Each structure stands twice: as C-alpha cells, then as structure tokens.
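Hello,

Here is the structure I promised to pass on. Please open it first; my notes follow below.

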Amino acid sequence: SVLSGSILAAQRSDNGSYVCKLNVSGMEVVSDPISVQLEGLPHFIRQPEKLNVTKNSPFNLTCQAVGPPDPVEIYWFRNNVRVNEEPHISPSVLTVPGLTEAALFSCEAHNSKGLTASNPGQVNVKGTPSAPAGVRVLNRTAHAIVISWVPGFDAFSAFNSCRVQVEEAVPRSNVSLLLFHTSVPPHVYHIQQLEPMADYNIRVSCRNEVDWSAFSPWVTASTTEGAPNTPPLNVTVSFNESSSSLEIRWVKPPLGRIHGELQGYHIWYRWQNSKGLVSHQGNGEEW
C-alpha cells in the first residue's frame, strides 16, 4: 500500500528530518529519513536597534538574517539612502564613525527568493537637557522648605543630579545665595538651613552626562514662624517696699530675632529655700 502525508501552512519551524513508522504483525518498521527544508525570503534574527549615542563618537549596528536558501546578502540604509554598494554576507556589522544629529538606520536582506526589509532603528544624539518646570512647594517649616519639580526633556541621556539655587528675596546677610546638589530621582528636595519668616526665591537645574540644563524660572516661597533665637534683654529685679513685691523688667528681643509675632513671655522663678520652680505667663514687659 502507499501512504501519504502533508504539512499544511508549512513554516520554518517545520524544517527537519522525517521518518515513517509501520507496525506489521507486531513488528515496527521504520523508513529511511527524508529531509524537509522550507525555502523562502530571508528571516531576520537581529535588526538595527534604537540607540542613544554621544556626539561624534563611533558605534556599531548589527543586521543578521538567515535562509534557506543561502547565502543571505545585507545592504545598509541611512535615512533611506543605501550605504554600501557591495553587499555584505550576513551577519553584517556597520561601523558608524559618529553622528552630529539623529539618523534612521535599516537594512535589506537578499537571497535567491527575494528580499526582506528590516524595521528601522532610530539613533539619537545625546545633548543638553531642557530646563525643569513646575517647581512647587510641598511643605514649609521655620527652617526648611520642601520642593518638587517636573524634569525637562533629558535629550536622550538620563538625568543623574540636580542643583537647587536659593536666594533671599530681601538679602539680610552676606551669604544671600545658597546652592544645594541632590541625586535624582526622586525630583524632590528638602531645603534646610533657612531663616524663619523669610521669603526665598528658588530655581532648579538638572544634569545628564552631557551638560547642565538651564535653570527653571524663579518661584518664591516663605518659611513659617519660628521660636525667637535670643532671650529678653537687660532683665532686672527690684523690691517694691510699699507693696512688698518684686518687680521684674526686661527689654524685648530685637524685631529681627523674634521670627514672627511675639505672643508673650514665660517667667520662671524659685524661692530661696524651695526646690520647685514656679512659672507665670504674660504679654507685658514688666511684672
């Protein structure tokens, strides 16, 4: 008898060696092997990849396609213009001496059955990033301000650090400009070493491996009230004989040292033979 078989919608994965097995009176009979090889257009196993490269620095691209039938020949294209007049045998490595602007690379694979075009690979040139945007205040205390920002376009090179510039809106000291550095992400920074009840102008710049970006526009933020950083001055104690009482007088701290609205004073005293402290509160400048 004659037996036949078929492979429907044959694919490259069907290539290989096939045998026919028969069972005759309980005995298995195996035919000689036959080889099946599906021929067609070249099939890519490696195509030009997307790259981000340094300006004027050399780099390589690889294109690899297989048959059968072989050989498979490779032609390279840059921005749809053929690069090599003579074909390369697959696999092919294209060495580009450097770019000053972005370019699109692709390749064609040819064999006796025809040609197959690869997907294009965009090669970008790393550059100076854009300035951050959207600087906003997340939290404020007497001596600190927490800010966040939206990073600008990184120009195909990841950001690695940012710098935060802080200046007093109304300079009150010789060191009115502060500069802080921070790694990113996250794009958040806790600005410290600030004075209470003060207005500050803040801006941000970020860096990739190429250069620093321009600074973001200035934003203004203020710290909150803080405790006075100096005690009352010229404290004096006198005995009032007519009322048999002690009078305590003082001069309130300088306005610039109060750091907010002065709400009152807290006086502590102890009698000579007592062990505990007694306190009184008030808002006058004598008692």
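**Record and domains**

UniProt, in an unreviewed entry, lists residues 131-226 and 231-287 under "domain: Fibronectin type-III". Please keep in mind that this is a predicted model.

The chain is divided into three domains. Domain 1 covers 43-125, domain 2 covers 133-223 and domain 3 covers 233-284. The centres of domain 1 and domain 2, taken over C-alpha atoms, are 44 Å apart.

**The sheet of strands 5, 7 and 11**

Start with residues 43-46, which form strand 5. Strand 5 belongs to an open sheet of three strands. The order is 5-7-11, and the pairing is antiparallel. Strand 5 and strand 11 (92-96) each have a single partner strand, so one side of each has no neighbour in the sheet. From one strand to the next, the twist averages 30°.

Five bridges hold the antiparallel pair of strand 7 (residues 59-66) and strand 11. To find the register, look at Phe59: Val96 in strand 11 stands opposite.

**The span 131-226**

Now take the first range quoted above from the record, residues 131-226. This span is 48% strand and 0% helix. Its end C-alpha atoms lie 34 Å apart.

Which strands does strand 20 join by bridges? One is strand 17 (residues 161-168), which runs antiparallel to strand 20 (residues 199-207) with eight bridges between them. Another is strand 21 (residues 219-222), also antiparallel, with four bridges to strand 20.

Two residue pairs help you to place these strands. Ile202 in strand 20 stands opposite Val166. Tyr200 has Ala221 in strand 21 as its bridge partner.

**A nonpolar patch**

The last item is on the surface. Five side chains are worth selecting in your viewer: Val235, Val237, Phe239, Leu246 and Trp271. Together they make a nonpolar surface patch of about 570 Å².

Which strand gives the largest share of the nonpolar patch? Strand 22 (residues 233-240) does, with three residues. Trp271 sits elsewhere, in the loop between strand 24 (265-269) and strand 25 (278-282).

That covers the domains, the strand pairings and the patch.

Best wishes

Conventions
Residues numbered from 1 in each chain as written. Predicted model: local features only at pLDDT ≥ 70, side-chain atom pairs only at ≥ 80, totals over all residues. Heavy atoms only, no water. Domains from an automatic or database assignment. UniProt positions renumbered as here; feature names shortened; annotations may be inferred. Pairing = 2+ DSSP bridges. Axes fitted to C-alpha atoms, helices over the stretch in contact; angles between N-to-C directions. Patch = residues over 30% accessible without salt bridge, like charges linked within 9 Å, V, L, I, M, F, W, Y side chains within 5 Å. Areas by Shrake-Rupley, 256 points an atom, 1.4 Å probe, with all protein chains shown as cover. Salt bridge = Lys/Arg side-chain N within 4 Å of Asp/Glu carboxyl O.
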